[in-house]
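Student: I keep running into labels like "buried" or "edge-to-face" without seeing where they come from. Could we go through one model and check the labels against the numbers?

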Amino acid sequence: MTLKVKFILAVVAILTLSYGVMIVHSSQLQNRLVLGQAEQQAKMLYQQILLTRQWIADHQGLFLLQSQATRVNAFLTKPVLTTMNGQVLVKRNPAMVTRELSEYAAKNKMGWFRVTSLNPVNPDNKPDPFEQQSLQSFYQGAKERVSIERGREGRVLRYAAPLITETSCLGCHGEHGSHPGEIRGTLSVTVPIAWAEETIHRNNRTILLLGLLSVAGAIIVMLVLFNRLVAHPLNLLNKAMAAFPEKSPEHLGLTRANDEIGLLTRSFTTLCQRLSDSQRSLTAASEQGFRAEKLAALGQLTAGIAHEINNPLAGMLNCVKSMQQEPDNRDLHLRYLPLLHKGLKRIESTMRQLLNYGRVAPLRIHAVEIDTVILDCLELLDHRLRNIVVNLDLRFNDFCCIDAEAIKQIVMNITLNATQAMPEGGSLTIESRHDNGSVILTFADTGMGMSKEILDRIFDPFFTTKEVGEGTGLGLAVTLALVQRLGGQIEVTSVPGQGSTFVVSLPVDRQCPRNNRCE
């Protein structure tokens, strides 16, 4: 998962959680406000009904002209009065007025209300479960009771408060044994709040839609900002890392902003500069070590090869001396001149090999016959191998593209290391073969071998087990460096007292152009 996806998912999660909490809190707040408003409405309606009932009670009832719409209250002692001019009046007590007002209110969906008691005179005023529980709680000291119920038309708020018997109420209720100040019953008010649920749902949908739009807008803004401020600079930095050291970071258009990525970019540029400086210093030190080891090996070769020059030189001097003593002896001259020529050619060959070996040059990949290079190195080391049996199994026998001087240095260093491990003589087996696009060179000696502790350090620069003046400790370190520069590998196995085996694997191209071969 990319950093961009993680970042966007985190932002979406945070915004979603925030809007979710907001919607839940808003819904609960709206619900509380609706319930509070409905409760206040119920209390106001309760007070208005009480005032209406009080006014009717204070005036000994309300009298209406009898008509088909005015029913007679059968529960009153004198429900009908006739005036002197013959008009019939129907009496309305507070309870009946309350019931008829409730019917009007219910028709207009403004709520409804009614008066009830535990022992109602009118069976139609029998309390329902809410009213019955309210009456019981009032007798126990409660002042009011509120409940939310769900009916056929949705949620309703029910409010109930006790009806206290007043003196003006005794005209109707005195005959039922009521006394002033006692709880006569309850007035329950029902306010519908189903309309509020739809409003709340509509508000929640609006908030959800706005939330989704906000999240989408935030994602778009985050994508643009992330791509511009984070992803693009990081991609440039990644490309710069992949291109280094072939291309310098300064040429890749890296961001120079004064932020964290800009600081990282500047640190990377500084690091690249330090790495380049270190690489140059390391290359110079490697070249110095390569040259030093080559010169050291050349010194050993020169010391050992001096007699190779002295022997033909001594014979040549004797020939010249004899020819000087007998300048007119033509037969002597004819016999000695070929010997002089042979000796000079031998000295010339030896010196040419030494000069070629001592030359310092960078790697040059060209056509080389590796088996011939190995034979040339062994010829140069002939004086060091006189008490050592050399077994050759050279089966590469073809040209390939590789650096000849590097191969010479590798062969010379490993062979010299083998001869030094066999001061009393022994055998050295050298093999060459082709394997899957690589040349495999194997050097196996029967020398002293090495312990694991020494084997772990043989490629360390300046590490040597030889006496002072016998080696620099750079031979195998230079060999490893050359093998790595050629893209190869070197492996060593050794058993103390049984000898060591060096296996060098170098990738080669056998399709090198013929006109680039070195003769």
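What follows is a chat about how some labels in this predicted model are earned.

Student: Give me the overall picture before we start.

Tutor: Sure. The protein has 11 helices and 14 strands. Of its 519 residues, buried ones make up 37%. The accessible surface is about 30,900 Å², and carbon and sulfur atoms account for 57% of that.

Student: Now the rings: what makes the pair of Tyr 46 and Tyr 159 edge-to-face?

Tutor: Two values decide it. The ring centres are 5.8 Å apart, and a pair needs centres within 6.5 Å. The planes of Tyr 46 and Tyr 159 stand at 75°, and over 60 degrees counts as edge-to-face. So the label for these two rings is edge-to-face. The structure holds one aromatic pair, by the way.

Student: Where do the two tyrosines sit in the chain?

Tutor: Tyr 46 belongs to helix H1 (residues 3–58) and Tyr 159 to strand S6 (residues 154–164). They are 113 residues apart, so the pair links distant parts of the chain.

Student: Are Tyr 46 and Tyr 159 buried or exposed, and how do you know?

Tutor: Buried means under 20% relative accessible area. Tyr 46 has 6%, so it counts as buried. Tyr 159 has 4%, so that residue counts as buried too.

Student: And why is strand S3 called largely enclosed?

Tutor: Look at residues 88–92: four of the five are buried, so S3 is largely enclosed by the rest of the structure.

Student: Which strands are joined to S3 by bridges?

Tutor: Strand S1 (residues 62–65) is joined to S3 by four bridges, and strand S2 (residues 80–82) by three. A pairing needs at least two bridges, so S1 and S2 both qualify as partners of S3. Each of them runs antiparallel to S3. As examples, Leu 65 has Leu 89 as its bridge partner, and Thr 82 stands opposite Val 88. S2 and S3 also form a hairpin with five residues between them, and Gly 86 in that turn has a positive phi of about 90°.

Student: Let's move to the five-stranded sheet. What makes S9 and S13 its edges?

Tutor: The order is S9-S11-S12-S14-S13, in an open sheet with mixed pairing. S9 (388–394) and S13 (489–495) each have a single partner strand, so one side of each is left without a neighbour in the sheet. On average, neighbouring strands are turned by 10° against each other, direction ignored.

Student: How do you know that S12 and S14 pair?

Tutor: Seven bridges join S12 (residues 438–445) to S14 (residues 499–507), while at least two are required. They therefore pair, and they run antiparallel. Within that pairing, Ala 444 is opposite Thr 501.

Student: Which helices pack on this sheet?

Tutor: Helix H8 (residues 370–380) touches S9, S11 and S12, and its direction makes about 170° with that of S9. Helix H9 (residues 404–420) touches S9, S11, S12, S13 and S14, at about 175° to S14.

Student: What describes the packing of H9 and H11?

Tutor: The angle is about 145° and the axes are 9 Å apart. The crossing is left-handed. Residues making the contact include Ile 410 and Ile 414 of H9, and Leu 482 and Val 483 of H11.

Terms used: Residues numbered from 1 in each chain as written. Predicted model: local features only at pLDDT ≥ 70, side-chain atom pairs only at ≥ 80, totals over all residues. Heavy atoms only, no water. Axes fitted to C-alpha atoms, helices over the stretch in contact; angles between N-to-C directions. Contact = heavy atoms within 4.5 Å. Phe/Tyr/Trp six-rings, centres within 6.5 Å; stacked < 30°, edge-to-face > 60°. Buried < 20%, exposed > 50% of the residue type's maximum accessible area, 1.4 Å probe, protein only. Areas by Shrake-Rupley, 256 points an atom, 1.4 Å probe, with all protein chains shown as cover. Left-handed = near helix turned anticlockwise from the far one by under 90°.
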